[in-house]
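Let's walk through this one from the overall layout down to single residues. Keep the viewer open and follow along.

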Amino acid sequence: MTTSCRRCGRKLESGSLLVASVVHWSPKPAVGFFGKTVLGGVVSRGTYAGRPTQFRAARCTSCRVCLVETEQACDHWFEGGWIFPYAKLRWVSGDDVFTPTFFFPFSSRGRNGVVAETLVAPGFPLTISGTRCPARKCSHCGALEILYGDENRTKQLSA
Ligand SMILES: [Zn+2]
Ligand SMILES: [Zn+2]
């Protein structure tokens with residue numbers, strides 16, 4: 001597992017990523033209806049899952065990057081692209097387990113008092129290209145690095 005940030009070298013904060021929808025992946029800022037999916041294992045009827053799937057993850061709060069790795073040891077060969085979530089991607093710090101209440105996905109407060117933080121919120125209306133967030137995916141093991149801090153996510157940064 002990666003324990004320090006590849007960009008700034010700071011220690012990564014460990015926690016979990018909560019995923020409540022199918023997440024599509026595309027190397028281009030647009031995805032077809034039959035695009036590849038990432039963060040598999042989300043049990044859903046159609047696009048949305050009733051309960052979020054919790055993935056072990058690590059993040060750097062200064063670079064605003066969230067890294068989801070597989071069990072596999074890997075040096076990572078990241079390719080750039082975009083993820084297209086259909087519901088919010090949320091973060092829970094540490095080893096907390098998030099148990100959704102009846103009000104999920106409208107409430108980020110879990111049953112046991114754990115409050116999930118929103119990392120990526122799809123815009124409304126939910127157009128396919130309006131939900132994208134820059135990300136990088138390892139072509140070897142499938143690890144995913146989500147650049148959740150990019151506020152101009154539909155534009156390229158000018159600098
Ligand atoms: Zn960093
Ligand atoms: Zn890898």
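Strands here are DSSP runs of E at least two residues long, numbered from the N terminus, while helices are H or I runs of at least four. With that in hand, the protein chain reads β-β-β-β-β-β-β-β-β-β along the sequence. That is 10 strands and zero helices.

Before going further, keep in mind that this is a predicted model. The average pLDDT of the protein chain is 83, and 82% of the residues score at least 70. Residues 152-159 are another matter: their pLDDT is below 50, and beyond near neighbours in sequence the stretch has four contacts in the model. Where pLDDT is low, the predicted coordinates shouldn't be read in detail.

Now for the general packing. The protein chain has 159 residues, and 33% of them count as buried. If you take the contacts between residues at least 6 apart in sequence, 68% of those join residues at least 24 apart.

Start with strand 1, residues 13-21. Seven of its nine residues are buried, so this strand is largely enclosed by the rest of the structure. Its antiparallel pairing with strand 7 (residues 89-93) runs over five bridges, and within that pairing Leu-18 has Arg-90 as its bridge partner. In a regular strand, side chains alternate between the two faces of the sheet.

Which residues touch the most other members of the largest nonpolar core? They are Leu-17, Val-19, Cys-66, Leu-67, Val-68, Ile-83 and Ile-146, out of 35 residues in that core. At least two core residues come from each of strand 1, strand 4 (48-60), strand 5 (65-68), strand 6 (78-85), strand 7, strand 8 (117-120), strand 9 (133-138) and strand 10 (144-146). Ile-83 is a good one to click on: setting aside neighbours within four places in sequence, its contacts are Val-23, His-24, Trp-25, Val-38, Arg-132, Cys-133, Ala-135 and Ile-146.

Next, look at what strand 6 pairs with. Strand 2 (residues 23-26) pairs with strand 6 in the antiparallel sense over four bridges, and there Ser-26 is matched with Trp-82. Strand 6 also pairs with strand 9, again antiparallel, over six bridges. One of the matched pairs there is Glu-79 with Lys-137.

Lys-137 turns up again beside Phe-78, a residue of strand 6. Although Phe-78 and Lys-137 are 59 residues apart along the chain, their C-alpha atoms are separated by 5.1 Å. Not counting residues up to four places away in sequence, Phe-78 touches Arg-136, Lys-137, Cys-138 and Glu-145. Is Phe-78 buried or partly exposed? It counts as partly exposed, because it has 15 C-beta neighbours inside 10 Å, whereas being buried takes 20 or more.

Finally, check a couple of loops for backbone angles. Most residues other than glycine have a negative phi. Arg-64, in the loop between strand 4 and strand 5, has a positive phi, near 55 degrees. His-76 also has a positive value, near 70 degrees, and lies in the loop between strand 5 and strand 6. Arg-64 has 14 C-beta neighbours inside 10 Å, so it counts as partly exposed. His-76 is partly exposed too, with 16 other C-beta atoms within 10 Å.

How values were computed:
Residues are numbered from 1 along each chain as its sequence is written. Chains are lettered from A and ligands numbered from 1 in the order in which they are written. This is a predicted model: local features need pLDDT of at least 70, side-chain atom pairs count only at pLDDT 80 or more; totals for chains, interfaces and linings use all residues. A residue is buried if 20 or more other C-beta atoms lie within 10 Å of its own, exposed if 12 or fewer, and partly exposed in between; C-beta atoms are placed from the backbone. Two strands pair if DSSP finds at least two bridges between them. pLDDT is the predictor's confidence in each residue, from 0 to 100. Two residues are in contact if their C-beta atoms, placed from the backbone, lie within 7 Å. A nonpolar core is a set of buried Ala, Val, Leu, Ile, Met, Phe, Trp, Tyr and Cys residues joined through C-beta atoms within 7 Å.
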